[in-house]
There are 4 protein chains.
Amino acid sequence: MSGTMRAFVMTEVGRTAVVEKPIPVPGPEEAVVRTTAALICTSDVHTVKGALPVADGATLGHEAVGVVHALGSAVEGFTEGQRVAVNAVTPCFRCDYCQRGDTSQCGGPLGGYRYTAQIDGNMAEYFIVPAAKGNLAPIPDELSDEKAAYACDMLSTGIMGAENAAIEIGDTVAVFAQGPVGLCATIGAHRLGAGRIIAVESRPERQALAKQFGADDIVDFTAGDPVEQIMDITGGVGVDAAIEAFGFPQTFEACLRVTKAGGRVSNIGYHGENPNPLQIPLDAFGLGMNGKSIRTGLCTGGNLRMQRLFRLMLSDRVDPTPMTTHRFGFDRIEEAFELMASKSDNVIKPLVTF
Amino acid sequence: MSGTMRAFVMTEVGRTAVVEKPIPVPGPEEAVVRTTAALICTSDVHTVKGALPVADGATLGHEAVGVVHALGSAVEGFTEGQRVAVNAVTPCFRCDYCQRGDTSQCGGPLGGYRYTAQIDGNMAEYFIVPAAKGNLAPIPDELSDEKAAYACDMLSTGIMGAENAAIEIGDTVAVFAQGPVGLCATIGAHRLGAGRIIAVESRPERQALAKQFGADDIVDFTAGDPVEQIMDITGGVGVDAAIEAFGFPQTFEACLRVTKAGGRVSNIGYHGENPNPLQIPLDAFGLGMNGKSIRTGLCTGGNLRMQRLFRLMLSDRVDPTPMTTHRFGFDRIEEAFELMASKSDNVIKPLVTF
Amino acid sequence: MSGTMRAFVMTEVGRTAVVEKPIPVPGPEEAVVRTTAALICTSDVHTVKGALPVADGATLGHEAVGVVHALGSAVEGFTEGQRVAVNAVTPCFRCDYCQRGDTSQCGGPLGGYRYTAQIDGNMAEYFIVPAAKGNLAPIPDELSDEKAAYACDMLSTGIMGAENAAIEIGDTVAVFAQGPVGLCATIGAHRLGAGRIIAVESRPERQALAKQFGADDIVDFTAGDPVEQIMDITGGVGVDAAIEAFGFPQTFEACLRVTKAGGRVSNIGYHGENPNPLQIPLDAFGLGMNGKSIRTGLCTGGNLRMQRLFRLMLSDRVDPTPMTTHRFGFDRIEEAFELMASKSDNVIKPLVTF
Amino acid sequence: MSGTMRAFVMTEVGRTAVVEKPIPVPGPEEAVVRTTAALICTSDVHTVKGALPVADGATLGHEAVGVVHALGSAVEGFTEGQRVAVNAVTPCFRCDYCQRGDTSQCGGPLGGYRYTAQIDGNMAEYFIVPAAKGNLAPIPDELSDEKAAYACDMLSTGIMGAENAAIEIGDTVAVFAQGPVGLCATIGAHRLGAGRIIAVESRPERQALAKQFGADDIVDFTAGDPVEQIMDITGGVGVDAAIEAFGFPQTFEACLRVTKAGGRVSNIGYHGENPNPLQIPLDAFGLGMNGKSIRTGLCTGGNLRMQRLFRLMLSDRVDPTPMTTHRFGFDRIEEAFELMASKSDNVIKPLVTF
């Protein structure tokens, strides 16, 4: 089980490299997976820019699938060679936060997000899986690696955005920005009963995907104030729920402005690049009394979640693969990362195979 | 506003007739609608068999749409001539039950179900709408009368069955029987995030509709014990939730048997024809401790509900019209009713136009 | 039923007076109540300062009880002379917002708050009750007018603050400020299962009441940063939920800072006096991803709510009357109002009897 | 760490004995606790009668506290000698059921209930704690062993009964039978916001405790039909929720009969002694449509739950010790068990110290 492997790491803030590292060895409750496919995430780009306090040399990546390479002594119910996916969030399931149901906040704020932040990520030939019993998700034969990889973060986070919007059947929902997570929030709103989905996006290829994934109306924010456009579309009433999938103060405020009294704002955008606090305009907040709520969250982890998402894809209710705009072998990982960092060539998600 | 109209009534238990009645006059908070289309419901058949203590001569019917004929003095926000639909359940919205959120139990058990039971039904040329502000639902221009009529009971009840099943994204759900309400429960489970839907049904044409409406697996109960078949399909684990849409003791028990520990049983079947109490098998109930729940309900009423259902149809997420197997003019209402009573000619729903 | 009455009105921004007005006459669905007791609210003070766009001459007051003086023609189930209380929020129960469950947002933002804002308030010898069937709350014989008056706003709002904090059994809860609404939030947290309640307050008499109402710890914000003190008390972990009952940007931020990841902030403070938007510090918000939620609300209205609150007092679980620091006859209403406006003489709530 | 200990075991159905067993040795994720105090449970009596398929020689008991004797190699955050309590339910927290939130159904029906059923119980000088990180609950210094022991099952189960009744503030709640679990359900209903609690019980000493724990009304079922009495007390309306804490078909039916339309029945009674299925009377079930729900459950486990319950006792909100009617040393364990089995001498709970 020893030997070395290649890993894509952040050598220091702003710099990445492919390096050799030892193949990890699992602890009693852990597993090691040999990677077969992975998706690059905008969070990786944020990390390299310095968003998180990450150890120099930490491996990047948190959206990977593969086959079980080694199992810890206490791990039962899996076999070596089995195809598995692992969610970006790998909770312990046993701390106070996990018992409370906040598994993505395992041990404290954002604590379930271990890859890169606490342990090496999985943009490497092998990677560790903590609490393997709860985090190793066998991939059904009918499901491609590519589809399974979308469950690791994109679908889980996007659908969580819709879950946190507490959509009731037939609700109107606005989704701000149709990047990969916003597109998955559109999928989520569509699957969770929304009656009308308004997607805010300016890029034509993302608008087209939003339509394909369930959006009924497209609001191009370059063509006018999106708040006004949404109020027009809804006859001046506003929406029941708004999902912030952009990570900008203006969209956060816009979410509050377009929701009706009693409406819900679900935030899944990453606001780490904002230099200032977010602001809540008092009129859109009813001076603190208009029944609105704001909810935040981080990707729901664990293998039960993965099975739920797999079922949506097995039944063809959800197919996220049109988001894969580019494909690379792991030997071109740096090229793939640069593409994601530059957001050039209309990239949505680059898939890396091993 | 005076004059007479034709109404389809139950003259006594077991007998129906078309009679002349005065066109109703609205009280201050009421409206009168001139009927344009209506669907016949199995509940009408139950009523004629004597299921409810109904006054002799009561008009049947509770799934009707039309145009506003007259508005009570206190009713604002609507205009005569406007196309409207009215839910089968017309709550007052103000009693204790309604304030508690149990609007279908307005004033007491099943109390929101007023048509035929408390006031004349709407299988007539004109009908009364209580608490018009909350119960008159304008029909969008893009929506046919036929589609709107499905919102009055079928879609509202079926989707409520799925709502009461508390489906989480990717859940497995079994729906017992694919009559019109069961089919709509399948639609509901599909729209509310189920990952796999197992529909129990033996009739080929209903199986086909179930597939069309979102079912992934069909279990034919004439081909073997449906409990065993569902356990097989789910690898011995059972389903997360089961919906009883048949109204038989055996299917109620089967729902308990096929759900896993912690699972939910949602009952929308009418059990009024059972001579005996329903039974809960102790093993399938964990001796009272396996975390299962059973929830019952009656069609969710009110015009907000109608708008929600309209939105699902406006966006083409839901199209119930393949359930319309037969069409009649009101002059052939008795023929239509006999068809529904006999369940012959593969009838699912007969539409009556005025 | 004609005649005139005295009413305490806001003649223009900043000025009040007692004037003669006609005794109101009920519409078909309304009632008129002859006032016997009322509490003055800080909201009345805000209103006179110009917080709301109120018609000149509007009667103030929204926490009153009395006896039924006249009933509209369509109102059944009540009798003239019956003792009744009426919540500060009087929903129609039938609009979209009400049907959605947001009855305090009846018809739009804060729309259920009718007294003074939309119709004359009830700091008058007689007052109107809209939608009487849902808003007239008979007072049980065992309950004094004074106790019943606390249900109109204070208890309903304070307990709503605790409800919106989604307290689970044994949770730790911080309540910021122990004015009358904050004290009632402490009552609410205590009654809804909190395991430890930390009340933030500097005035000794309010600290004492907080203790009496269920607070376990008192944090005096004049003795040091309340955030630090709460973090100390909770061993550095923070609380499960925080209730903002002060209406200041700093306390709103403090609520976010003292809650753990996954925690809930419930806002019941009125932020109308802040010139700037509220701010969400990004670190206390996990950059938008730490699972926290923020919920706002306005006093839950309707007579079912009143009955619930009455039951808490009938069973001696709740006794709010220690908050009544001053008592006046209606002829001294201006003196009572000045006292509330100046917050002098350790006033908490002044009771006015008629 | 080797050596032997005394354990109170079921040698075969109907027979118990104190035997010598090896002191258990913890696996990597486990701990071993040296017992200091334990409560005898009616479930132990059921087990000896043959309720569960238990291995001959299995140690009885599941409500014990003690000090940490040994920690598995992977267990961090605890120290030997530390005072701890362990819930009767010890979930793995990582299986599908646990991730779904049904931790008491860990791995399958009732699967979180490990003591005696799957592993040796803790009516012994030492006992094993599975998944120690999530199941070892440090006891605060201020809390006696006796109080802590009540959190292991009685308080957790009783309060779960109230939680599953979905009590809203001011609700009316009936609790059927005031044995130890029923008394704790009364505590739970009282702590979770009930406005009026009706306790059904015939024994005077239990009636007195029920009053002390929050019951407002006592219904003696030997003095007349309890359903009629409850309907009388509630003015013919019935209660919002009923808790079945007796485990008899008649009380289960009575729960359905006394709840209003839309009401909730929460079952915590053990129905293993019934030879027949439970029955649902159709009239009390609205023919399957009156909005009622039935929910079952098993003691909520895990150390977060224990901390929650400890907080209720630390703040003197809850004191269950009046239920301790008898005290024994472990050398008199058989006498204590006989007392519980015979329900003689007005026993409620016997405490055994080691």
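How many salt bridges does the rule count over all chains? In this predicted model, the count comes to 72 over all chains. Some of these pairs lie within one chain and others bridge two chains, and a few examples make a good way into the structure before the interfaces are taken up.

Within chain A, A:Glu63 and A:Lys349 form a salt bridge whose closest N and O atoms are 3.0 Å apart. A:Glu63 sits in the loop between strand E4 (58–59) and strand E5 (64–71) of chain A, while A:Lys349 belongs to strand E17 (residues 349–353) of chain A, so the pair ties together parts that are 286 residues apart in sequence. Are the two partners buried or exposed? A:Glu63 has a relative accessible area of 0% and is therefore buried; A:Lys349 is buried too, with a relative accessible area of 0%.

A second pair in chain A offers another setting. A:Glu335 and A:Arg332 form a salt bridge, with 2.7 Å between the closest N and O atoms. Here A:Glu335 is partly exposed, at a relative accessible area of 41%, and A:Arg332 is likewise partly exposed, at 36%.

Chain B supplies a further example. The side chains of B:Arg327 and B:Glu146 meet in a salt bridge at 3.1 Å, N to O. This pair links distant parts of the chain, with B:Arg327 in strand E16 (residues 324–329) of chain B and B:Glu146 in helix H4 (residues 145–151) of chain B, 181 residues apart. B:Glu146 has a relative accessibility of 13% and so counts as buried. Salt bridges also join into a network, in which A:Glu29, A:Arg94, D:Glu29 and D:Arg94 are linked.

Attention now turns to chain A and chain C. Their contact involves 40 residues of chain A and 40 residues of chain C, and the two chains bury about 3,400 Å² between them, with 61% of that area on carbon and sulfur atoms. Two salt bridges are counted between chain A and chain C. A:Arg100 and C:Asp240 meet through their side chains in a salt bridge of 3.4 Å, N to O. Across this interface the rule also finds 15 residue pairs in polar contact, both residues being at pLDDT 80 or more. On the side of chain A that touches chain C, the elements giving two or more residues are strand E13 (259–267), strand E14 (278–280) and strand E15 (293–296) of chain A. By class, that side has 17 nonpolar, 17 polar and six charged residues.

A look at one residue from the chain C side adds some local detail. C:Ser293 lies in strand E15 (residues 293–296) of chain C. With a relative accessibility of 17%, C:Ser293 counts as buried. Which residues does C:Ser293 contact, leaving aside its neighbours within four places in sequence? They are A:Ile294 and A:Arg295 in chain A, together with C:Gly263, C:Arg264 and C:Val265 in chain C.

As for symmetry, a turn of 180° with a shift of 0.0 Å along the axis lays chain A on chain C with an RMSD of 0.0 Å. The copies meet through the same surface, because 100% of the interface residues of chain A are also interface residues in chain C.

The pairing of chain D with chain C can be described along similar lines. Each chain brings 24 residues to the contact, and the area buried is about 1,900 Å², of which carbon and sulfur atoms give 46%. In chain D, the residues that lose the most area to chain C are D:Ile169, D:Arg308 and D:Arg317, together 37% of what that side buries.

Polar interactions come next. Four salt bridges are found across the interface of chain D and chain C; in one pair, D:Asp171 bonds with C:Arg308 in a salt bridge whose closest N and O atoms are 2.6 Å apart. The rule further finds 22 residue pairs in polar contact, with both residues at pLDDT 80 or more. Helix H5 (154–164), helix H6 (180–191), strand E10 (196–200) and helix H10 (303–314) of chain D are the elements that give two or more residues to the side touching chain C. H10(D) gives the most, with four residues. By class, this side of chain D has six nonpolar, seven polar and eleven charged residues.

Chain D is superposed on chain C by a rotation of 180° with 0.0 Å of shift along its axis (RMSD 0.0 Å), which is the relation of a two-fold axis. Of the residues of chain D, D:Leu192 comes closest to the rotation axis, its C-alpha being at 2.3 Å. The same surface serves both copies, with 100% of the contact residues of chain D recurring in chain C.

Note on methods
Residues are numbered from 1 along each chain as its sequence is written. Chains are lettered from A and ligands numbered from 1 in the order in which they are written. This is a predicted model: local features need pLDDT of at least 70, side-chain atom pairs count only at pLDDT 80 or more; totals for chains, interfaces and linings use all residues. Side-chain values use heavy atoms; hydrogens and water are left out. Contact means heavy atoms within 4.5 Å. Buried area is the accessible area (1.4 Å probe) that two parts lose on being put together, summed over both. A polar contact is a pair of N or O atoms within 3.5 Å; within protein, one must be able to donate a hydrogen and the other to accept it, and residues adjacent in sequence count only if both atoms are side-chain atoms. Ala, Val, Leu, Ile, Met, Phe, Trp, Tyr, Cys and Pro count as nonpolar, Asp, Glu, Lys and Arg as charged, and the others, Gly among them, as polar. Buried means under 20% relative accessible area, exposed over 50%, partly exposed in between (1.4 Å probe, protein chains only). Copies are superposed by least squares on the C-alpha atoms of residues with pLDDT of at least 70 in both.
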